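The following briefing concerns a structure with the points grouped by topic. Please view the sequence and structure before reading on.

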Amino acid sequence: MGKTFKTIDEAVIRFAGDSGDGMQLTGGRFTETTAIVGNDLSTLPDYPAEIRAPAGSLAGVSAFQIKFSSKDIHTPGVNPDVLVAMNPAALKVHQKEIIPGGTLIINTDAFTKKNLKFAGYESNPIEDGSLDDYFTLIPVEMNKMVTAACEGLDLSPKLVGRTKNFFALGILFYMYDRPLDATEAWLKKKFKGKDAIIEANTRALNAGYNYGDTTELFMTRYKVEKANLPSGTYRNMNGNLATSLGLLAASQRSGLKLFYGGYPITPASDILHTLAIWKHFGVQTFQAEDEIAGISSVIGAAFTGKLAVTATSGPGIALKGEALGLGVITELPLVVINVQRGGPSTGLPTKTEQSDLNQALYGRNGEAPLPVIAPATPGDCFYAAYEACRIALKFMTPVMLLSDGYLANGSEPWKIPNVDDLEDIDVKFAHKQNSENDFLPYLRDEDTLSRPWAIPGTPGLEHRLGGIEKEENTGHVSYDPENHHRMVELRQEKVNRIQNDIPPLEVFGEDHGDMLVLSWGGTYGACRSAVETLNEEGKKVSHVHLRWINPLPKDLGEIIIGFKNVLVPEINLGQLLRLVRSEYLVDAQGLNLVRGRPIGASTIVETVKKTIG
Amino acid sequence: MTDVQAPLLTKKDFESDQAVRWCPGCGDYAILAQAQKKMPTFGRKREEFVFVSGIGCSSRFPYYMNTYGFHSIHGRAPAVATGVKIANPDLSVWVVTGDGDGLSIGGNHFMHVLRRNMDVNILMFNNRIYGLTKGQYSPTSEQGKKTKASPYGSIDYPLNPPSLALGAQATFVARTIDRWQKHMAEMLERSYNHDGGSFIEIYQNCNIFNDGAFEEYTGAEKFSNVIELKHGEPMVFAQGTKGIKLDGFKPKVVDMEKNSIDDILIHDETDLDLAHIIANWTSHPTLPEPIGVIYCIDKTTYNQEIVNQIELAIKTKGPGNVQDLLNSGDTWVVD
């Protein structure tokens, strides 16, 4: 009986299992192969805060979703076409999100009485018919299958059992016609020296593939053709790696060595891990005793002439607040990265949120303005990090980069740039006195208002910085009221002048219409997809995405005037919304969903339609 | 001769043009004067000195030194100094802090900068009081101290800075006193010459809020109440009339007329066990207050290890190329 191929534009699949089932790894392998095949893709890892919640519990379910397409896509999708559920808890947590008629691939070996009870099932959903009407159910005895496949190998049953994620991966590779060789090569590298493990996983992978081929459960296979991406060399890229690479590129182009001081925190730690590997680039990493020491060391390194960076998440920014003010008043170039997560307090450490915008803009004592930039996609983290460094160095100021958990862990195909094509970063240390027989550390550049950067070791330019108000030009301690007012204004004006360095906004769609969707940060993809859909339906809707939130681009006000309505979708209760309303006196409305996950494009579409019909 | 002529600098070269604004009679003046006098004798260029401080009276210090300086925020000077030293290990980095700044709000950084053996010189002005906030008890104030914040007497127990430093794995721990100028000069030089994190506790009189706190170590009876530690020498004090003997682990004061010098404890600044015993004498009711180098050993510094790791990585992997790194991983070409 012949199997048929069906060509589809896109598919969304989700792997879900226990924290220990290797779902992130499985999703990662599917993603790499999908990238190599040439689809456009977007991923959404979703894992619990606990390293190992009790096995089989709802709290311990870890999932990885990928959307891949032959078209240009912007989001990882909301509802999967295929769900792989490795145990009852994974099914329980995720079944309600599968599209009606979607495919459910289930590891029936994990559907024991104990696990079913733990997940809150009164009867076995595979047997009681409760799923049959809604989904195509494919029960597979994965543990038995891998046990058979690994027969003869010198491995404990426990280790053999662990290969079942590769069996599931093999099935999906079969369904979507993907090659196995990249994964096999990866296994060889990853488990070098552990031949039995390599062999077991390779056998499990192939067994899964062959299972798909030989059983009649999969009569239709799907083809997703290559996406028509701009020409170039690509690799798959996640946000935290892109951020790290952007910093390194800025280090090269500025000629400054990179200093990173920080404290481990989810979901920012990967930046520390990545930079720590790059010692042969001269990167110095310092794992500090706490968040405050992290940024304090960065301030010391900036004073001493490094490209100085720290990364953390919201709780860490809270701790760094006082030191950030010190960075503002001493006017040193620092890049401070906040990979936002759910808050307040410890909040949802592994989930995404955009709720630290107010903290970035206002979270310091005194008038302490600092520039705020946010990347739009995982790959864009590279350019945003690079830009943050460039502006910090050019304007001698701390810059806040607002990434988020979704961007940090999500991935997409990324066209590899040429480092030499990036915008120049021109750094000039002060070498000589800038006034008659004197060095004035706060004598400003006329255009940018930045002050000179004289680093320790430079003869004749000895000076003292500090957190007490500075006298204009000389930088001496000053309590003079007029001087203080002037310095407060100058620090604000300096940040405002960054507007001159920001390119005009790009309006996606017409420059006037019924609705402007205005976004920042990680909601870019959902907003762009939604506006594309609405345009296809003939709606007069456009999209503007903000890269800089402080300062806001010069042309935003004029753009807003062209639209009857403005919608600001955010994963917070309306932080950019309030800023836009107060800044432009526009009756913008918000779409605010704070669930620790991305906003779906369809939700935006519905909201826009409710307003404009 | 190919020697580079060491710059001939004087105390004047290290005085900034800023008016010193401590209270008249403050012990800080003596420390500043000694630092300004000592720094030019080290044969190092002025621009290679960096003084970093936190918040408090003592932390105004960098403004008065005509070197690079950083008056940072409360308690964080060791962390700022860490960034300076890692960024440029060739600099001579000094941290100026106080008992509140260094041990209370900045206690965590104090502990870790010493644990890492970061090559910075920490001068902790201990006046056992909060001066800048006008007289609250500090983590080194004696229990029962009456201050505005403790009108019925403080119920906090004080901590012992040298013991804390030793517990944090410091490689250089010393103590001196503001009025002991020559001794202080010696300690500054020892600290400068120590390749590693060094900690000097300086007893400093706050004549406004805690006047006379160290009177017994600086007044007429000072030689009877203070013992100067000297490496390899027997521990005698009170002009040689008294000495220290160990009874098991317990030190006791003995009369030298009745004891042979051979029975007196010999100071060994490389002996950690002995250092812990000496550190415990702090404010002891029957023992003299120890000053001098309590402990000093050689151990590779954190800043050196960073350099070593980077050099090794470059040697084994070759210098990194950013473009190659970008092009690495699984890549594919779209025509």
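**Helix α16 of chain A and the contact between chains A and B**

In α16(A), the buried residues (20 or more other C-beta atoms within 10 Å of the residue's own, all placed from the backbone) are A:Arg491, A:Lys494 and A:Val495. They lie on the same side of α16(A), because they cover an arc of only 100° around the axis, taken from the directions from the helix axis to the C-beta atoms. This is a predicted model, in which local features need pLDDT of at least 70, side-chain atom pairs count only at pLDDT 80 or more, and totals for chains, interfaces and linings use all residues. Residues are numbered from 1 along each chain as its sequence is written, while chains are lettered from A and ligands numbered from 1 in the order in which they are written.

**Helix α16(A)**

- The helix (a DSSP run of H or I, at least four residues) comprises residues 481-496.
- Its 16 residues reach 23 Å from first C-alpha to last, close to the 22 Å expected at 1.5 Å a residue (1.5 Å times one less than the number of residues).
- The face turned away from the buried side carries exposed residues, including A:Glu482 and A:His485 (exposed: 12 or fewer such C-beta atoms within 10 Å).
- The buried residues of α16(A) pack against α12, α14 and β21 of chain A.

**Chains A and B**

- In chain A, 58 residues are in contact with 50 residues of chain B (C-beta atoms, placed from the backbone, within 7 Å).
- With nine residues, α11(A) gives the most to the side of chain A that touches chain B.

Notes:
Contact = placed C-beta atoms within 7 Å. Helix = DSSP H or I, 4+ residues; strand = E, 2+ residues; numbered from the N terminus.
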